[in-house]
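Open the model in your viewer and keep the sequence panel beside it. Each stop below gives a selection to make and then what is found there.

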Amino acid sequence: MAVDSPLQSRMSSPTTSEKDVKALKFIEEMTRNPDSVQEKVLGEILSRNSDTEYLKRFGLNGSTDRKTFKKRVPVVTYEDLKPEIQRISNGDRSPILSSHPITEFLTSSGTSAGERKLMPTIEEDLDRRQLLYSLLMPVMNLYVPGLDKGKGLYFLFVKSESKTSGGLPARPVLTSYYKSDHFKRRPYDPYNVYTSPNEAILCADSSQSMYAQMLCGLLMRHDVSRLGAVFASGLLRAISFLQTNWKELARDISTGTLSSRIFDPAIKHRMSKILTKPDQELAEFLIGVCSQENWEGIITKIWPNTKYLDVIVTGAMAQYIPMLEYYSGGLPMACTMYASSESYFGINLKPMCKPSEVSYTIMPNMAYFEFLPHNHDGDGAAEASLDETTLVELADVEVGKEYELVITTYAGLCRYRVGDILRVTGFHNSAPQFKFIRRKNVLLSIESDKTDEAELQKAVENASRLLADQGTRVIEYTSYADTKTIPGHYVIYWELLGRDQTNAIPSDEVMAKCCLEMEESLNSVYRQSRVADKSIGPLEIRVVKNGTFEELMDYAISRGASINQYKVPRCVSFTPIMELLDSRVVSTHFSTSLPHWSPERRR
Ligand code: AMP
């Protein structure tokens, strides 16, 4: 006899709404037999795309079965698909990857040659994304009652967008979603009422947008039942914004007038309907709370009815958990979904669990998923032996094992390596659940930026050329993502060697130039975060005493590292190592200006 899943037993509760029951039933349906859903999804993708140049190239001849597909179509990376992507972006409208027209490119935070990757997408993908969103509140309602009575204070932003030379929009997936009618004209749903008006979310000037969203959140502080942003870094930026702007916000509230820093006509118009009269009591409350030195628990002080933080704290975002705990007085943090520009993947069926226990259930209707067993010896170790039997089906992954995610999408990515490493933690019905382990090859990340070892190396090389005139060289380096202050910033430790074998440090002016040169050399996501979003602070170089890196090696060896295989870690986070490095710092230097960035891609 089939055992009821936890979702199923709660579905039959009389308090669960009809809409929620429908969504939960859908989850049950998708997870009971993921293999047959996957077979159907692949069949649909291959039959509709059978005439594409890409599938024809591999002689699929209209076959839609998994066996032929896996045998003939190779596993690829973005670099492999670049020529096709380039042609589409240049305006070639023939069916290259997809039989349905590519409507826009989603600019991933993953980069290629320093620029954001361009992910093709088709019109109907918006429906798929919306479908996944529609499952989130029904699951949440199983764990947190009464969410229809309150509002969500979500800090949501659009980013600047550009057009490819062929005229297709290129923008991040969330910008595309918030600007779509799916979002803008969403029907009223008591479980999805936000304090932020669309006009504020859709304003491309992040400072005006944040100001208006924060002001609305403050005005409606007693209605707020959940508070969030997409990623933890975004929520902390909002807190930091409040720290710097509470006086001005309190003034607006006490006078009932909007600050002149808001000049976007749509926001001004909308705010005139929300900020209608002075509220001296609220202004005084805010001044009282915010003027205190200690901001511990500030979130619950200002928004006392908040039941949880809705924010992703898995993967690179885990570094922000302690700070969020501090500001929220330990509110639960719900990581609800796992998604990317390539495709949305899945949801967390136990959103109120601890961050360390978060697992995502991949929804098998979103795309066709395969799993490349991950070899700990090296990211590319499995590559040499890639054949049709190497990759595992969604339904066949094994608990405890790690895999790299490979997807085939309706928009035409075929057997595409996403670059995420996932570990199977268990099953919901027959659908596996995955813990996000890490992104392959990412060394440093403050928010959506992802800097890899090669990029860091290049940046150090470029910057160290500025020292050549002085006869000084960088002999060793490592790095650290410092998120103790908001915004976080990159710290690069340099050990220098001068012409005379000392570490004579160049002037602060030269070192500041080195900092900037490193920033100029980093990818466009980093530079956009620095320049447009201001979500990353100036890069810092800390020069350490001569011999520090040797001490670092001694330390590693004392802890069991092999002297033959020792490699300088290019990124550090382990406290004793940080303490060692910091105790040897002889000077610190910051970038004094901003690197270049524009929405247009470098050609
Ligand atoms: P993007 O390419 O900018 O769309 O970013 C997508 C990537 O963000 C994914 O491939 C993951 O590496 C990361 N990501 C998305 N959702 C989560 C999550 N819930 N937990 C951890 N990492 C995530």
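Begin with Phe 371, and add Val 392 of strand 13, which stands opposite it. This is a predicted model. Now extend the selection to strand 12, residues 368-373, together with strand 13: the two run antiparallel and are joined by 2 bridges.

**The open sheet**

Widen the view to the sheet. It is an open sheet of 8 strands with antiparallel pairing, and its order is 9-10-11-16-15-14-12-13. Colour strand 9 (337-339) and strand 13 (392-393) to mark the edges, since each of these pairs on one side only.

**Helices on the sheet**

Select helix 3, residues 34-48. Helix 3 lies across strand 12, strand 13, strand 14 (402-408) and strand 16 (431-439). Its direction is at about 110° to strand 12. Next take helix 7, residues 125-143, which packs on the sheet and touches strand 9 and strand 10 (344-347). The direction of helix 7 makes about 10° with that of strand 10.

**A cavity beside helix 7**

Keep helix 7 displayed and show the second largest cavity, which holds about 100 Å³ of space. Which element gives the largest share of its lining? Helix 7 does, with 3 residues. To see the lining, select Asp 125, Arg 128, Arg 129, Ser 341, Glu 342, Ser 343, Tyr 344, Met 366, Ala 367, Thr 409 and Tyr 410. By class, these divide into 4 nonpolar, 3 polar and 4 charged residues.

**Strand 1 and its partners**

Leave that sheet and select strand 1 (102-112). Strand 1 is largely enclosed by the rest of the structure, because 10 of its 11 residues are buried. Add strand 2 (115-122); strand 1 and strand 2 pair over 7 bridges in the antiparallel sense. Pick Thr 111 and find Arg 116 of strand 2 opposite it. The hairpin of these two strands has 2 residues between them, and Ala 113 there takes a positive phi near 50°.

Then add strand 5 (169-171). Strand 5 runs parallel to strand 1, and 2 bridges join them. Phe 105 has Ala 170 of strand 5 as its bridge partner.

**The largest cavity**

The structure holds 4 cavities of 30 Å³ or more. Display the largest cavity, with about 160 Å³ of space. Of its 16 lining residues, select Thr 107, Arg 116, Ser 162, Gln 528 and Pro 599, the closest to its centre. Arg 116 is the residue already seen opposite Thr 111. Strand 2, strand 5 and helix 19 (524-531) each supply at least two residues of this lining. The lining as a whole divides into 4 nonpolar, 6 polar and 6 charged residues.

**The second largest pocket**

For the last stop, show the second largest pocket, which has about 490 Å³ of space. What lies nearest its centre? Among the 21 lining residues, Thr 111, Lys 117, Lys 440, Asn 441 and Asp 452 do. Helix 6 (78-89), strand 1 and strand 15 (416-428) are the elements that give two or more residues to the lining. Strand 15 has the largest share, 4 residues. Colour the lining by class to see 5 nonpolar, 6 polar and 10 charged residues.

Definitions and conventions: Residues numbered from 1 in each chain as written. Predicted model: local features only at pLDDT ≥ 70, side-chain atom pairs only at ≥ 80, totals over all residues. Heavy atoms only, no water. 1 Å grid on protein atoms, 1.4 Å probe; cavity = no way out; pocket = protein on both sides within 12 Å on 5 of 7 lines; lining within 4 Å. Points joined across faces, edges and corners; volume = space filled by probe spheres on them. Nonpolar A, V, L, I, M, F, W, Y, C, P; charged D, E, K, R; others polar. Pairing = 2+ DSSP bridges. Contact = heavy atoms within 4.5 Å. Axes fitted to C-alpha atoms, helices over the stretch in contact; angles between N-to-C directions. Buried < 20%, exposed > 50% of the residue type's maximum accessible area, 1.4 Å probe, protein only.
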